[in-house]
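Reader: I would like to learn how to read the fold of a chain and the contact between two chains. Could you take me through the features in turn?

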Amino acid sequence: MVQGASIGRSRGSDAKLQRTLVTPEGVALDIAVAPASARIGALFIDLTALFGLFLGFVLTILLLAWAYSRAGLPSVSDGVMNFLFVLFIIGTFLARNAYFLFFELGQRAATWGKRSVGIRVASRDGGRLTAEAVIARNLLRDIEMFLPLMFMTSGGVQGTLSEFAAWSGIIWVGVFLVFPLLNKDRLRCGDLIAGTWVVAAPRAALGSVVAGGGGSMVQAAEGLAPDRYRFDDAELSVYGEYELQMLEQVLRTANAETMKTVAVTICTKIGWTAPVDDEQAFLQAYYTQLRARLERGMRFGRRRADKNA
Amino acid sequence: MNGAVFSPQGERAVADAVLRSDRFRLEREADWARIDAMVTAMEKGKLKTLSDDDVMALPVLYRNLLSSLSIARESSLDAGLIAYLESLTLRAYFIVYGTRTTFGGWCRSFFGGGLSRAVRATWGDILIALAAMVIGALLGFWLVDADQQWYFRLVPAQFSDVRVPGASREALLGTLFGKQEADGLSVFAAYLFNNNAQVAIMAFALGFAFGVPTLLLLVYNMVGLGAMLWVFASRGLTAEFIGWLSIHGTTELLAILLAGAAGLHIGRALAFPGRRSHLTALSGAGRTAAQVMAGVIVMLICAGLLEGFARQLVQSTALRYAIGYGVLAAWLTYFFAFRPRRS
């Protein structure tokens, strides 16, 4: 039964990254930890976005300065310029952090990068994602990545960067970058500290009803009885839930070639001659009757994972 | 059930459905579409576009959705349906149990008490870090007192230009008063990317290693200070030196102290998690420590401004003491005496 309940759930993704999250109502939800590739992709998109914003800001300031000098206003004293520059340094630091905080504190708990690859931040214990947790994970991002890079750049510019310092900086960043690959939940150090993780945020649309009834059947073959395909118990007992769901996918995709192949395969298996130019109706009928049979068994607590079970 | 709107068309579809599980689905589809639309609107931050009815109905719809998912898992073999319900439930769950604070709201609660609470929660670690720093300073003073050669090992080369044992009183005074050649900007920039900001951040980050490197770093950092104090004390400039140091040093050293305490807080949780698991203990301590660190960053920015500008402008020792210890008193009052009622 337990095994049966997991049939057909969470197909097509890395089984190692599947987790169960139990809601306070006691319902177990499937949740997938975001793979490292998605994390890296999101990071690059975020860095690009930040760099773009920074560039836009700097260009605006330069434009303003240019307009100011063109207007022939009195030149600004060095002291004021210094003060503005100091504000600029502090401002960029705060803005970088505010970007992550603002978006991860939003309803989608994801920055632009995370949104575009379909992942989000969540609390590891299944509870509410708190502001403190978001702060913690983003503060650590600075320590993991931004600050060492900044120290190295400024040291390099000032000429005080020793080879030892450069290497230790590179190793420092490297260790933190590799860290998510070394644990099963893909936790960054910031996630570890904050009690958060990054999970896939899937968005599925509800497809149409596949199991055909009388009226909604395919119109292809006019004049044929809607119940022209009847399968007996023995013919339906060759397949299990896995095959049923494969068939569902075939019907949802509705590719003529595939349907023909599948129809031939089923007919060979149950000893029918394959219908010509009426594969969809045939497959739909087989799907509906197989599903009716399997679901009936399900109600009595009998499940069949696949044809070999 | 629960007021799902049925069109005549919908009723016919339900009657047409062959399978019981499809009838189950068609009967509830309108409710799912409703909560789907609400969740989508809320994810986009358009909470205001929802009607009052919708908002009131959300908890009920959410619970019905959960029960729909449970029933579908046990009675339907429609993989598309189950995948849809899984994803919709997860999205609704994140909305219902999502973040409650906005960025602005967090800022208000952080500066209006959250920071002070976090600092007070680490008081034990603050005492340990303070002890390490005091021991470091005394050690530096005492080592140089015993043998002046220690000075050159303890103090970074950039500070030992004229400030060396045996330097004349005038030379030392010159480093404390009078314009330095650098302007405020380069001092500030050098400060931001240099020594003490790095020390503070390292002290926190190294807390991961059970806090031991944090303690060593705090001691080492203060040894140099103690050694410099000896040099100035040997020429009778103790008060002037402390004044020069205090104007920004009270803020800066307090920031380093708090950063070290935050690191120790994490290290201690890792070493002695008690009855909790290591991960739980770590995340609990991490959230407190991160808030302290956010405060440390604010303090470091203040210290940078004080060092870059105030120290040059204020040349009188008495005024330096007044500013340095006034600021310190303000910080301590804010951290330890400011206890607004939790909202």
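Author: We shall go through the fold of one chain, then the contact between chains, then the domains. Please keep in mind throughout that this is a predicted model.

Reader: How many helices and strands are there in chain B?

Author: One begins by listing the elements along the sequence. In chain B there are 14 helices and zero strands, and the pattern, read along the sequence, is accordingly α-α-α-α-α-α-α-α-α-α-α-α-α-α.

Reader: What percentage of the residues in chain B is buried, and what percentage of the contacts with a separation of 6 or more joins residues 24 or more positions apart?

Author: A residue is called buried here if 20 or more other C-beta atoms lie within 10 Å of its own, and by that criterion 45% of the 343 residues of chain B are buried. Among contacts in chain B with a separation of 6 or more, 78% are between residues 24 or more positions apart.

Reader: How many residues does each chain give to the contact between chain A and chain B?

Author: The size of an interface is often given as the accessible area lost when the parts come together. Counted by residues, the contact takes 65 from chain A and 59 from chain B. On the side of chain A that touches chain B, the elements that give two or more residues are β2, α3, α5, α7, α9 and α11 of chain A, with α5(A) providing the largest share, 11 residues. The residues on that side of chain A comprise 37 nonpolar, 15 polar and 13 charged.

Reader: Where do the domains of chain A lie along the sequence?

Author: Domain 1 of chain A covers 28-200 and domain 2 covers 209-309, and their centres, taken over C-alpha atoms, are separated by 53 Å.

Methods:
Residues are numbered from 1 along each chain as its sequence is written. Chains are lettered from A and ligands numbered from 1 in the order in which they are written. This is a predicted model: local features need pLDDT of at least 70, side-chain atom pairs count only at pLDDT 80 or more; totals for chains, interfaces and linings use all residues. Helices (H or I, at least four residues) and strands (E, at least two) are DSSP runs, numbered from the N terminus. A residue is buried if 20 or more other C-beta atoms lie within 10 Å of its own, exposed if 12 or fewer, and partly exposed in between; C-beta atoms are placed from the backbone. Two residues are in contact if their C-beta atoms, placed from the backbone, lie within 7 Å. Ala, Val, Leu, Ile, Met, Phe, Trp, Tyr, Cys and Pro count as nonpolar, Asp, Glu, Lys and Arg as charged, and the others, Gly among them, as polar. Domain bounds come from an automatic or database domain assignment.
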